[in-house]
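Visitor: Please take one part of this model and look at it closely with me, going from residue to residue and saying what each one touches. I would like a single connected account.

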Amino acid sequence: MEDWVAISIDSVAAAKALHNAGHYRSCVSRSYFGAYAAVASALEGAIQYPDGREGPGHAALPSLIKSNLTGLSSGARQSIKQDIGLLYKARLEADYSPSASCDEEMARIALRAACAVQRE
């Protein structure tokens with residue numbers, strides 16, 4: 001059975017491969033999920049997930065980061081919140097808005113943000 005850390009590592013590796021292959025929308029999606037999984041791992045034991053779920057709700061993530069990742073500096077928490085917000089918005093556009101531009105630059109930005117969240 002995998003854990004959130006393994007899922008995060010796998011998702012970011014997939015995002016890198018997708019970026020290199022020119023699959024920018026899919027890169028953005030995997031980048032977001034890699035960052036989400038890294039945060040879910042950090043939150044384990046600190047919060048109770050909703051019934052039937054093994055991870056936090058996506059909309060709740062920014063407030064959970066702020067109030068539960070207290071082992072990190074406030075600057076680190078703010079940076080993670082910003083990166084998660086950027087990634088979530090980009091992921092929604094990539095997955096649900098065919099008319100939205102999702103080019104190589106957006107994929108690169110998403111990948112950098114996901115890597116930054118993993119590092120923190």
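Guide: A helix here is a DSSP run of H or I with at least four residues, and helices are numbered from the N terminus. In this predicted model, the part I will follow is α2, which spans 24-43, and S29 is one of the residues that lie in it.

With a relative accessibility of 13%, S29 counts as buried, because the cut-off for that class is under 20%. Its side chain makes a polar contact of 2.4 Å with the side chain of D95. Once residues up to four places away in sequence are set aside, S29 touches R91 as well as D95. D95 and R91 fall within the range of α4, 74-96.

S31 also lies in helix α2, and with a relative accessibility of 0% it counts as buried. Leaving aside neighbours within four places in sequence, S31 is in contact with A15, L87, A110, L111 and A114. Of these partners, A15 falls within the range of α1 (4-20), L87 within that of α4 (74-96), and A110, L111 and A114 within that of α5 (104-119).

L87 brings us to the largest nonpolar core, since L87 is among the members that touch the most others, together with V28, V39, L43, L61, I65 and I84. This core holds 32 residues, and α1, α2, α3, α4 and α5 each supply at least two of them. The largest share comes from α2, which contributes 10 residues.

L43, another of those core members, has its place in helix α2, and at 0% relative accessibility it counts as buried. Apart from its neighbours within four places in sequence, L43 is in contact with Y49, P56, L61, L64, N68 and L69.

N68, one of these partners, is found in helix α3. L43 and N68 are 25 residues apart in sequence, yet their C-alpha atoms are 7.0 Å apart in space. A42, which is 26 residues from N68 along the chain, has its C-alpha atom 9.0 Å from that of N68. At 22% relative accessibility, N68 counts as partly exposed, because it falls between the 20% limit for buried and the 50% limit for exposed. Besides L43, N68 touches A46 and I47, again not counting residues up to four places away in sequence, and its side chain is joined to that of S67 by a polar contact of 3.1 Å.

I65, a further core member on the list, falls within the range of α3, 61-68. Not counting residues up to four places away in sequence, I65 touches V39, R77, I80, K81 and I84.

V39 then leads to the largest pocket, which has a volume of about 150 Å³. Among its 13 lining residues, A38, V39, A42, V117 and Q118 are the closest to its centre. Here α2 gives the most to the lining, with four residues, while α1, α2 and α5 each supply at least two. By type, the lining divides into nine nonpolar residues, three polar and one charged.

To draw the account together, α2 supplies the largest share of the core and gives the most to the pocket lining, and V39 appears both among the core members that touch the most others and among the lining residues closest to the pocket centre.

How values were computed
Residues numbered from 1 in each chain as written. Predicted model: local features only at pLDDT ≥ 70, side-chain atom pairs only at ≥ 80, totals over all residues. Heavy atoms only, no water. Core = buried A, V, L, I, M, F, W, Y, C linked by side-chain atoms within 4.5 Å. Buried < 20%, exposed > 50% of the residue type's maximum accessible area, 1.4 Å probe, protein only. Contact = heavy atoms within 4.5 Å. 1 Å grid on protein atoms, 1.4 Å probe; cavity = no way out; pocket = protein on both sides within 12 Å on 5 of 7 lines; lining within 4 Å. Points joined across faces, edges and corners; volume = space filled by probe spheres on them. Nonpolar A, V, L, I, M, F, W, Y, C, P; charged D, E, K, R; others polar. Polar contact = N/O pair within 3.5 Å; in protein donor to acceptor, adjacent residues only side chain to side chain.
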